[in-house]
Amino acid sequence: MSENQAYGEKTWSKIEFSDLLTARKRDRVIGLTFPESDKALGLEPSILHVLPPGDNVEYSLKNRDFNDGDVRQYLCSVYISGYAEFRAWAGRHDRRKIVVGGYHPTVFPEQFEQYAAKIVRGPCDDLAATLEQPGQIVNGIVTHRNLPRRDLYDLGYNQQIIPDKRPEETVASINTSVGCNIRPPCDFCCTPVMCPKLLARPIEFVERELAQIAAYQPRYCFIRDENFTMQRDWAERIRLIHRYLPETRLYLFASANTLREEGVRTLRENGVYMICLGLEDPTVEYRKNRHLDESVALLKRYGIYSYLSFIVDPTKVIGREAANHFYARLQERFAQLLPEMVCGNFLMPFPGTALWDKYYQYVDEDDYRFYDSKTPFLIRNRVVRDKMRFFMFWNQWKYYTSDLYRERVRRFDTGDTLHRRFVELNAQFSQLYERIWNIRA
Ligand code: SF4
């Protein structure tokens, strides 16, 4: 025995501690999401649609480090706010085994060239066919053959902040289509960047997925299509969903211009309890919102809740006068429309949208991590930022706790996830306000 071999025998390199407890997994295919999954607020991660069949495939909720020797492939879905986290993680792993996809690689594939062997752009549900294509940057291929790998994920992690839902009630989600057809696209929206056409999933495929979801008996199901009622055969689809999930309360996105009385009745008869509509910036006129007031009135008449999301452009609420003007208009719209749920988001100029051209000079790579819609990152001054965050929260709290809401909309303090979340936020923001109320920015 040579001296070197003798030395090698004494090292720890051959000891694999996990082997003492379990059979060591080899040839692993691991799905990851950047930023890391939020167990307090989330839905089935979209990477489940991409993960291929096989016992060696897994989804990791934690973006921890793995031993490259055991792994055949890392399949990483990267959203803009997870870019820095992904780069740090990728720097510690074998680039030849990394495949990336999702919004950020679709828009900026060149930013991934040094971190991944393959960069997939746009929607993908057939990984094998997608990766067979030559070149480092490829378009995702959709064949509607593979069901999402829900078996790799615990649906109990799903949580949604919505009216009436108790924390322990199960929520599932489904996409019956991806993308959006509207022309020109709304200037803030990143959906057409990811998929500029409305790709409706074949009805037989939707049916197979519904059979999979029905086994979980969810109390709620979110239909995640960007604009469900834009599909020509949406009525057939909602009947099918209700047939498979008769006890489930459904909610979905729609645009006001697609809702007519006959359609609203069909939605109501088929288990829809809430529709999410974009009020967007209340000081701007949107083509899709020309019929917003009539649509919301129709929903009320048929007993369907309306969930209105609104956008705050931070550059429009600088200073007391501008902020008062904006929020007075917002409260006026709430009083006219009486939505059961409201949800504020700060404007985020997405690369690839019309807004990006207007704002890109204010956005730095360091800002990507703030693409959570709750941070007005276009503003540099931290006190102003905090005040803006407070006032966006406060205007929602004010509405939910108003006499108007209690008398004409519904009870707020029901202990549902919406109420609980806002009580938590109130505690956080009250502290913030305590600290900043008299600080001049
Ligand atoms: S906001 Fe809705 S209607 Fe507008 S482009 Fe996005 S998905 Fe389409």
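**Salt bridges, cysteines and surface of a predicted model**

A search of the whole structure, which is a predicted model, finds 30 salt bridges.

Me: Which residue meets Arg150 in a salt bridge, and in which loop does that partner lie?
Reply: Arg150 sits in the loop between strand S6 (137-139) and strand S7 (171-174), and the pair links distant parts of the chain, with the two positions 106 residues apart. The partner lies in the loop between S1 and S2, and the closest approach of the two side chains, N to O, is 3.0 Å. The residue asked for, in the loop between S1 and S2, is therefore Glu44.

Me: Are Arg150 and Glu44 buried or exposed?
Reply: A residue counts as buried when its relative accessible area is under 20%. Arg150 has a relative accessible area of 3%, and Glu44 has one of 4%. Because both values fall under that cut-off, Arg150 and Glu44 are buried.

Me: In the salt bridge between Arg96 and Asp94, which residue is exposed?
Reply: The side chains of Arg96 and Asp94 meet at 2.8 Å, N to O. Asp94 has a relative accessible area of 15% and is buried, whereas Arg96 reaches 66%. Exposed means over 50%, so the residue asked for is Arg96.

Me: Why does the contact between Arg406 and Glu407 count as a salt bridge, and how far apart are the closest N and O atoms?
Reply: Arg406 is partly exposed at 48% relative accessibility, while Glu407 is exposed at 61%. Side chains of opposite charge can pair when their charged atoms come close. The pair counts because a salt bridge requires the nitrogen and the carboxyl oxygen to be within 4 Å, and the closest N and O atoms of Arg406 and Glu407 are 3.9 Å apart.

Me: Which residues are linked with Arg249 in a network of salt bridges?
Reply: Beyond the pairs described above, the model also holds a network in which several charged residues are linked by salt bridges. Besides Arg249, its members are Asp164, Arg410 and Asp416.

Me: How many disulfides does the structure hold?
Reply: A disulfide needs two cysteine sulfur atoms within 2.5 Å. Cys76, which is buried at 2% relative accessibility, has its nearest cysteine sulfur, that of Cys124, 13 Å away. Cys343, likewise buried, with a relative accessible area of 15%, has that of Cys276 as its nearest cysteine sulfur, 9.3 Å away. Neither Cys76 nor Cys343 is in a disulfide, and the number for the structure is 0.

Me: Which residue of the nonpolar surface patch is in the segment after helix H14 (417-436)?
Reply: The patch is formed by Phe391, Trp394, Tyr433 and Trp437, which together have about 420 Å² of accessible area. One of these residues counts as exposed at 51% relative accessibility, and its place is in the segment after helix H14. That residue is Trp437.

Me: What radius of gyration does the protein have, and how does it agree with that of a compact globule?
Reply: The C-alpha atoms of the protein, with its 14 helices and 14 strands, fill a box of roughly 90 × 55 × 40 Å along the principal axes. Of the 441 residues, 52% count as buried. For a chain of 441 residues, a compact globule would have a radius of gyration near 22 Å, and the protein agrees with this at 24 Å.

Methods
Residues are numbered from 1 along each chain as its sequence is written. This is a predicted model: local features need pLDDT of at least 70, side-chain atom pairs count only at pLDDT 80 or more; totals for chains, interfaces and linings use all residues. Side-chain values use heavy atoms; hydrogens and water are left out. Patches are made of residues with over 30% relative accessible area and no salt bridge: like charges are joined within 9 Å, nonpolar side chains (Val, Leu, Ile, Met, Phe, Trp, Tyr) within 5 Å. Accessible areas come from the Shrake-Rupley method with a 1.4 Å probe; for residues, only the protein chains shown count as cover. Helices (H or I, at least four residues) and strands (E, at least two) are DSSP runs, numbered from the N terminus. Buried means under 20% relative accessible area, exposed over 50%, partly exposed in between (1.4 Å probe, protein chains only). The radius of gyration is taken over C-alpha atoms; the globule rule is 2.2 Å times the number of residues to the power 0.38.
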